Amino acid sequence: MGALLSAALVTIDVIGPDIVGAAITVSTMRRIAHESIGRQQLSRWGKPDLAGATARFETLLPALREAKIPIPGIGGSAPGIDVEGLAVGSLMDTTTLKGMASLISDIAQQRIPTTVDLLRVTDFSEINGHRWRDEPVGARELLKLIDHVVAACLVLTTYLSGIRPGEALNLRRGCISRSKTLELVFLSGTQEKTQPGRRERSPATIPWVVTEHVDRAIALLQQLAPGELLFPYAGRYTPDAFQHSSSRVMSASRANQRVRAFVEWFNTDVAGTVGHEQIAADPHGPITLSRFRRTLAWHIVRRPGGLIAGAIQYGHLRTQITQGYAGQADAGFNDDVGFEEFLLRCETIHADHQRLQSGEQVSGPAASSYIGRVTAAREFLGHSVSSPAQARALLANETLQIHHGAFLTCVYRAETAACRDAAQSDTAPVWRKCKPSCRNIARTDQDIDALEAHNDDLISDPLQLHLPLPLRARLNERTTSNSAIISDHRGTATSASNLHKHQPQAETWTSEF
């Protein structure tokens, strides 16, 4: 997901701006062709005869003049009309137009203004110190590039907002708003799986809170969209696209095809050129929009402090997107996060039990509670989790309240938690307020190994010699304290087999559920 997200960001921030000017022009020319020539004639736009093509241009050219749109030109040793650009802009077949030399000559003789590279892209920005393209992009290829940029915007918007695929595909112009007071960016649109009266809400009512990256993606989409819908059903800038640009959205299957085409294009044409990581094939199957919400929930729960592309922490992202509609019950996103938290908790306790069985030692004031909870949870015979409410209830069970930090394990109990105040949760520690004197602390061999490695790094770090004296004194206190914790663990730690008097609380665990 990291490589895919990074590729989407690069495409939106670098490639998109490079092609957007030509994309807007081709959209404008095709809209003029659609409105001036008429739908009936456009239904035969593939290969019209000479008379039909001549009649089309007799209608189209005055409309272009009125809109002050020049004819696409091409430079070089023999400057002239860009036949491919003219064909693309006028909704004609390039091969057919090339065979109509007299028509091209008549257009040239009329001295209609031309602009070189009007529908071509010749200037390319750098990514990692390398231009992402060397050869000019013609008008026909430009249409494909626009599809890839739109797919990148779809990936970024769907993933970083946590909205459902159908909600993303129904987004329209003007869906972004801002709160200067809260300094937040809001994304509004049609909401799924809610009451009919709440499905169409205003941007100020129940929006999603999104990042600046999503804001940039939506801004780019609004420049590229042929109508109100940001993801219309038909191909971009075709007669069908203009006809249904405000009524028919892209289907999920077509959206998934676009995402897969984007991955293939980026890997083939961009990644190797600019030294970007390849987007690897997913071992679990094709990438689809329906998988993004669960994938985001997985990263939020398991990589809260990890950096994703664009230097956004998942912990920060979780806080942000759950401040709006995504954090409410009918959005369903918190349910995905809850299931991931439950699965992670189960996997963690299973791994803890495996280490205890292998003779792992535990120290600290909560050592006996840790061993008891892990043993009790392991002896639980099972429970079928079929709803988000059940997952939340299981997460609240005291037996599962084991949280591993960087150098210690919190066997959380609200009554003795030193990090807790009246406003804090009863079911999870607040790591930023963790205190060494807390009665909920246990330290396993795994914690001590990590602490010892960290302490050795602090002691051997040559940079500490250049620190001011007060900071060096504070650092010395910290390393001395760490050494005492390590020494105490080596001398006082116990194991599950040595804790004879502890009896697993299996009855409490099973009777509650």
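Two strands count as paired if DSSP finds at least two bridges between them. Keep that in mind for the first exercise, and remember throughout that this is a predicted model.

**Exercise 1. Work out the order of the strands in the four-strand open sheet, and find its edges.**

Solution. Start with the order: the strands run β11-β14-β13-β12, and they pair in the antiparallel sense. Next, look for strands that pair on one side only: these are β11 (362-363) and β12 (402-404), the edge strands. Now check one pairing against the cut-off. A pair needs at least two bridges, and β11 and β14 have two bridges, in the antiparallel sense. To see a bridge for yourself, go to S363 and look across to R443 in β14, its bridge partner.

**Exercise 2. Describe the second largest pocket: its volume, its lining and the elements that build it.**

Solution. Volume comes first: about 500 Å³. Then count the lining, which comes to 20 residues, with L408, P436, R443, R478 and N482 lying nearest the centre. The elements that supply two or more of the lining residues are β14 (441-444), α18 (445-460) and α19 (469-492). Of the contributors, α19 gives the most, with six residues. Last, sort the lining by class: nine residues are nonpolar, four polar and seven charged. You've already met R443: this residue lies among those nearest the pocket centre, and R443 is also the bridge partner of S363.

**Exercise 3. Find out how many cavities of 30 Å³ or more the structure has, and say what lines the largest.**

Solution. A search of the whole structure turns up one cavity of that size or more, 30 Å³ being the limit. The largest cavity has a volume of about 70 Å³. Go round its wall and you'll pass L408, C410, A417, A418, C419, P429, W431, C434, K435, C438, N440 and I441. By class, that makes 10 nonpolar residues, one polar and one charged. L408 should look familiar, since this residue is also named in the lining of the second largest pocket.

**Exercise 4. Decide whether C410 is in a disulfide or in none, and whether C410 is buried or exposed.**

Solution. Begin with the whole structure: it holds zero disulfides. For C410, the nearest cysteine sulfur belongs to C438 and is 5.9 Å away. A disulfide needs the two sulfur atoms within 2.5 Å, so C410 is in no disulfide. Now for burial, where the cut-off is under 20% relative accessible area. C410 has 8%, so C410 is buried. Try C153 too: at 0% relative accessibility, C153 also counts as buried.

Terms used
Residues are numbered from 1 along each chain as its sequence is written. This is a predicted model: local features need pLDDT of at least 70, side-chain atom pairs count only at pLDDT 80 or more; totals for chains, interfaces and linings use all residues. Side-chain values use heavy atoms; hydrogens and water are left out. On a 1 Å grid over the protein atoms alone, a cavity is a set of points where a 1.4 Å probe fits but cannot get out, and a pocket is an open set with protein on both sides within 12 Å along at least five of seven lines; lining residues have an atom within 4 Å of a point. Grid points are joined across faces, edges and corners, and a volume is the space filled by probe spheres set on the points. Ala, Val, Leu, Ile, Met, Phe, Trp, Tyr, Cys and Pro count as nonpolar, Asp, Glu, Lys and Arg as charged, and the others, Gly among them, as polar. Buried means under 20% relative accessible area, exposed over 50%, partly exposed in between (1.4 Å probe, protein chains only).
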